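This report describes selected features of one structural model, for a reader who wishes to follow the text with the sequence and the coordinates at hand. The sheets are taken up before the helices, and a single residue closes the account.

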Amino acid sequence: MSGLPVRKFDAIVIGAGGSGMRASLQLAEAGLSVAVLSKVFPTRSHTVAAQGGIGASLGNMAEDNWLWHMYDTIKGSDWLGDQDAIEYMCKMAPQVVYELEHFGMPFDRNADGTIYQRPFGGHMANFGEKPVQRACAAADRTGHAMLHTLYQRNVRARTQFFVEWMALDLVRDADGDVLGVTALEMETGEVMLLQAKATMLATGGAGRIFAASTNAFINTGDGLGMAARAGIPLEDMEFWQFHPTGVAGAGVLITEGVRGEGGILLNCNGERFMERYAPNAKDLASRDVVSRSMDQEIKEGRGCGPDKDYVLLKLDHLGPEVIMKRLPSIREIALKFANVDCIKEPIPVVPTIHYQMGGIPTNIHGQVVAPKNSEPNEVVHGLYAVGECACVSVHGANRLGTNSLLDLLVFGRAAGNFIVDQALKTKAHKTLPKDAGDRALARLARLDGAASGESVPVVANDIRKAMQAHCGVFRNQQLLDEGVRKITELEQRVQRIAIRDKSRTFNTARVEALELDNLIETAKATIVSAAARRESRGAQARSDYPDRDDTNFLKHTLWYRSGNRVEYKPVNLKPLSVEAFPPKARTY
């Protein structure tokens with residue numbers, strides 16, 4: 001066992017964001033011994049930055065129906081979402097929101113005491129007829145309220161947190177089962193083997209592979225890197241959502257809730273340009289449509305500012321009362337990062353990388369699935385993935401706003417319940433293989449042994465620049481092929497990095513170097529998958545293939561680290577209990 005100390009648990013959850021803590025709550029309350037690893041204090045996980053709301057067809061503001069929510073999600077996904085998983089999520093939505101309310105979540109309220117709901121992009125009544133108010137919000141700090149609520153419930157359930165620990169690599173045995181994880185305590189540099197009967201990846205997204213991102217610095221694709229190195233494919237990695245409204249020059253998120261409350265986008269002529277691109281939904285079309293429209297306005301010379309490189313988000317007409325009640329954090333962000341008071345003037349905004357639609361392939365129980373022996377959905381025993389790092393494929397090619405927090409709750413809870421049903425307490429731990437810690441120790445030895453080499457921040461920034469330049473809002477084959485070449489060169493440079501600061505105090509340089517291994521795997525998966533998909537669908541907009549191609553590409557991409565190759569698997573167009581929604585043209 002490589003001489004590493006071993007600690008045993010029934011279950012290990014890697015990541016203490018919304019999905020990890022929703023799952024760990026189910027496990028701890030069922031009496032399982034559960035360890036939750038987190039690079040940061042749990043309430044600093046990136047879920048804390050979610051602003052707008054949780055989508056659920058409660059019908060508190062007007063008539064609503066889970067079937068309409070399901071249709072909007074399938075349409076939003078550009079028909080790449082799996083309809084069985086989408087049905088399950090939309091049906092479960094009211095239940096998980098009411099559960100959260102009973103946990104103590106401080107939702108905004110209507111006068112009659114029901115949960116207030118705001119409109120959000122792409123959410124419509126009666127199969128696309130008119131906008132509907134479906135986002136359950138706590139002002140513009142919904143993720144913050146949710147994360148604190150879940151953390152407090154976990155403390156109550158005596159969940160064991162390993163704070164400032166970084167998971168390094170999965171441990172798989174000869175049968176392919178996952179038996180736990182190697183992990184680094186960041187303060188001391190100690191490496192340990194954490195053995196479990198169920199190991200769950202809840203590590204969040206990897207938005208830091210791009211130069212302009214709304215993501216926190218911790219979002220380095222750790223779960224994706226671990227899965228790829230363990231031989232597990234990554235699904236639909238070409239699909240990255242550009243959020244339409246990042247603060248220009250800063251990348252900080254301005255919630256879609258601003259447009260939900262009545263904010264509008266303007267070009268340099270003062271024109272509300274979304275009326276031209278999406279005459280029905282206007283500023284509340286789905287995110288890929290709004291981002292492309294903004295990009296088009298800027299490209300055609302109708303951007304604002306001295307360099308004409310952004311558009312304006314106007315909300316001063318809403319009045320100070322609405323802004324201070326419904327959008328207090330947005331005013332604060334605009335003052336701090338754009339130096340504007342949105343009560344009096346518009347905010348400069350630009351499309352910014354926000355969310356990863358692809359990830360580790362799973363089923364609706366959170367079990368990781370990978371093709372094996374001609375079986376397309378073979379379960380990897382002992383391994384689960386939930387949240388943004390997972391791809392159960394409810395988001396397909398483009399995620400609807402509010403469905404991210406819903407995904408965390410529904411599938412975190414579902415995976416937790418599924419693991420509890422396995423009666424883990426009665427089962428013994430499998431024997432660890434002799435080389436259990438070897439991969440992680442070899443990575444650390446490589447870093448510590450390099451006397452000289454490239455700087456970690458320089459290589460990381462070059463990855464971000466290459467991805468931003470070659471895998472942005474609009475793509476084409478020439479751009480992507482050049483990007484693949486650059487990322488391949490950068491992969492060689494990652495192998496030659498050296499840690500400048502060898503001090504063991506909190507191991508900051510060592511952690512950043514280990515994160516770089518995960519960033520490069522995610523970047524490779526993204527750009528190789530994008531180059532292979534020769535069509536435009538959802539967030540993948542290609543100028544050389546402007547149309548969606550259902551004949552050749554109505555299928556999920558699977559990228560394998562071995563051979564840096566892409567394979568495909570079919571999209572599930574069959575819901576669980578209702579009639580399917582067949583693909584059709586997507587208009588708003």
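In this predicted model, strands 3, 5 and 4 form an open sheet of three strands, arranged in the order 3-5-4 and paired in the antiparallel sense. Strand 3 (54-55) and strand 4 (117-125) stand at the edges of this sheet, and because each has a single partner strand, one side of each is left without a neighbour in the sheet. Strand 4 runs antiparallel to strand 5 (residues 130-136), to which it is joined by five bridges, and Gln-117 is found opposite Cys-136 in strand 5.

An open sheet of four strands is also present, with the order 11-14-13-12 and antiparallel pairing. Its edge strands are strand 11 (240-247) and strand 12 (264-266), each of which pairs on one side only, and from one strand to the next the twist averages 45°. Strand 12 pairs with strand 13 (residues 311-314) over three bridges, again in the antiparallel sense, and here Leu-266 stands opposite Leu-312 in strand 13.

The two strand pairs described above are set out below.

| Strand pair | Bridges | Residues standing opposite |
|---|---|---|
| Strand 4 and strand 5, antiparallel | five bridges | Gln-117 and Cys-136 |
| Strand 12 and strand 13, antiparallel | three bridges | Leu-266 and Leu-312 |

Turning to the helices, helix 4 packs against helix 11 (residues 403-421) with an angle of about 15° between them and with their axes 11 Å apart. Angles under 35 degrees count as roughly parallel, and helix 4 and helix 11 are therefore described as roughly parallel to each other. The crossing of helix 4 and helix 11 is left-handed, and in the contact between them Thr-142, Gly-143 and Met-146 of helix 4 meet Leu-405, Leu-408 and Leu-409 of helix 11.

Helix 4 (residues 142-156) also holds Asn-154. Is Asn-154 buried or exposed? Since buried means under 20% relative accessible area, and the value for Asn-154 is 0%, this residue is buried. The side chain of Asn-154 nevertheless has a polar partner, making a polar contact of 2.7 Å with the side chain of Ser-24. When residues up to four places away in sequence are not counted, Asn-154 touches Met-21, Ser-24, Leu-25, Thr-159 and Phe-161, and Ser-24 thus appears both in this list and as the partner in the polar contact.

Conventions
Residues are numbered from 1 along each chain as its sequence is written. This is a predicted model: local features need pLDDT of at least 70, side-chain atom pairs count only at pLDDT 80 or more; totals for chains, interfaces and linings use all residues. Side-chain values use heavy atoms; hydrogens and water are left out. Helices (H or I, at least four residues) and strands (E, at least two) are DSSP runs, numbered from the N terminus. Buried means under 20% relative accessible area, exposed over 50%, partly exposed in between (1.4 Å probe, protein chains only). A polar contact is a pair of N or O atoms within 3.5 Å; within protein, one must be able to donate a hydrogen and the other to accept it, and residues adjacent in sequence count only if both atoms are side-chain atoms. Contact means heavy atoms within 4.5 Å. Two strands pair if DSSP finds at least two bridges between them. Axes are lines fitted to C-alpha atoms, for helices over the stretch in contact, and angles run from 0 to 180 degrees between N-to-C directions. Angles under 35 degrees count as roughly parallel, over 145 as roughly antiparallel, 65 to 115 as roughly perpendicular and the rest as oblique. A crossing is left-handed if the near helix is turned anticlockwise from the far one by less than a right angle, and right-handed if clockwise.
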